[in-house]
Amino acid sequence: MKAVFLNPARVEWLTVAEIKQLGLSSRKAQARLISPLRVQVGGHVVEIPAGFVTDFASVPKAFWSIFPATDPHYLRAAVVHDWGYQFGGMYPLADGGLLDLSQRSKVDVLFLDLMQAEGANWISRRVIFRAVRTFGWAAWRRASKEVER
């Protein structure tokens, strides 16, 4: 699936108090989009809305020196991937519709395509993609249960 970003990600870092107020894990840095993030996916323009909270790439601390969570080669891709996992692969479109990528594998492949579009090297893309395919099921399942409520 051909995907390309249309604008930069503009974020503000949340304070520990804001993270706790939102009921999020204070063990991870969290940021909020301060303007929509737009990405062309095939013939659609996905628009992740301002206000969306992300922890970027959920890289275990032991690997931060190799794969920093906020590496510019996959930072925006991680925001789009976080949205997909939090909302079951349903992406808001700029025209008001929805792009349905409701299978986890499709959300993960979009992440892979976006990392390539951002210039992440082949090894980084493959290692990160393999990690989300291997370990992402728990986050997908957790988010699915929250969406059902």
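1. In which sense do β1 and β4 pair, and over how many bridges? In this predicted model, the two strands are joined by three bridges and pair in the antiparallel sense. One position within this pairing can be named, since Phe-5 stands opposite Val-39 in β4.

2. The pairing of β1 with β4 belongs to an open sheet of three strands, in which the order is β1-β4-β5 and the pairing is antiparallel. The edges are taken by β1 (3-5) and β5 (44-48), and because each of these has a single partner strand, one side of each is left without a neighbour in the sheet. On average, and with direction ignored, neighbouring strands of this sheet are turned by 25° against each other.

3. On the other side of the pairing scheme, strand β4 (residues 37-41) runs antiparallel to β5 and is joined to it by five bridges; here Gln-40 has Val-45 of β5 as its bridge partner. The two strands form a hairpin with two residues between them, and in the turn Gly-42 has a positive phi of about 60°. The faces of β4 should be kept apart in any discussion of this strand, as Leu-37, Val-39 and Val-41 make up a covered face, whereas Arg-38 and Gln-40 make up an uncovered one.

4. Two helices need to be considered together with the strands of the sheet β1-β4-β5. Helix α2 (residues 75-86) packs on this sheet and touches β1, β4 and β5, with a direction that makes about 85° with that of β4. Helix α3 (residues 104-117) also packs on the sheet, where it touches β1 and β4, and its direction makes about 55° with that of β1.

5. The helices also pack on one another: the angle between α2 and α3 is about 170°, and their axes lie 9 Å apart. With an angle over 145 degrees counting as roughly antiparallel, α2 is therefore roughly antiparallel to α3. On the α2 side the contact is made by Ala-77, Ala-78, Val-80, His-81, Gly-84 and Tyr-85, and on the α3 side by Arg-104, Val-107, Asp-108, Leu-110, Phe-111, Leu-114 and Met-115. Sorted by class, this contact has nine nonpolar, two polar and two charged residues.

6. The length of α3 can be checked against its residue count: at 1.5 Å a residue, its 14 residues should span 20 Å, and because the end C-alpha atoms are 20 Å apart, the two values agree. The buried residues of α3 are Arg-104, Val-107, Asp-108, Leu-110, Phe-111, Leu-112, Asp-113, Leu-114 and Met-115. Just after this helix, Gly-119 takes a positive phi of about 90°.

7. A further open sheet of three strands has the order β2-β3-β6, again with antiparallel pairing. Its edges are β2 (11-13) and β6 (53-54), and since each has a single partner strand, one side of each is left without a neighbour in the sheet. Between β2 and strand β3 (residues 31-33), which run antiparallel, there are three bridges, and within this part of the sheet Trp-13 stands opposite Ala-31 in β3.

Methods:
Residues numbered from 1 in each chain as written. Predicted model: local features only at pLDDT ≥ 70, side-chain atom pairs only at ≥ 80, totals over all residues. Heavy atoms only, no water. Pairing = 2+ DSSP bridges. Helix = DSSP H or I, 4+ residues; strand = E, 2+ residues; numbered from the N terminus. Axes fitted to C-alpha atoms, helices over the stretch in contact; angles between N-to-C directions. Contact = heavy atoms within 4.5 Å. Parallel < 35°, antiparallel > 145°, perpendicular 65-115°, else oblique. Nonpolar A, V, L, I, M, F, W, Y, C, P; charged D, E, K, R; others polar. Expected span 1.5 Å × (residues − 1). Buried < 20%, exposed > 50% of the residue type's maximum accessible area, 1.4 Å probe, protein only.
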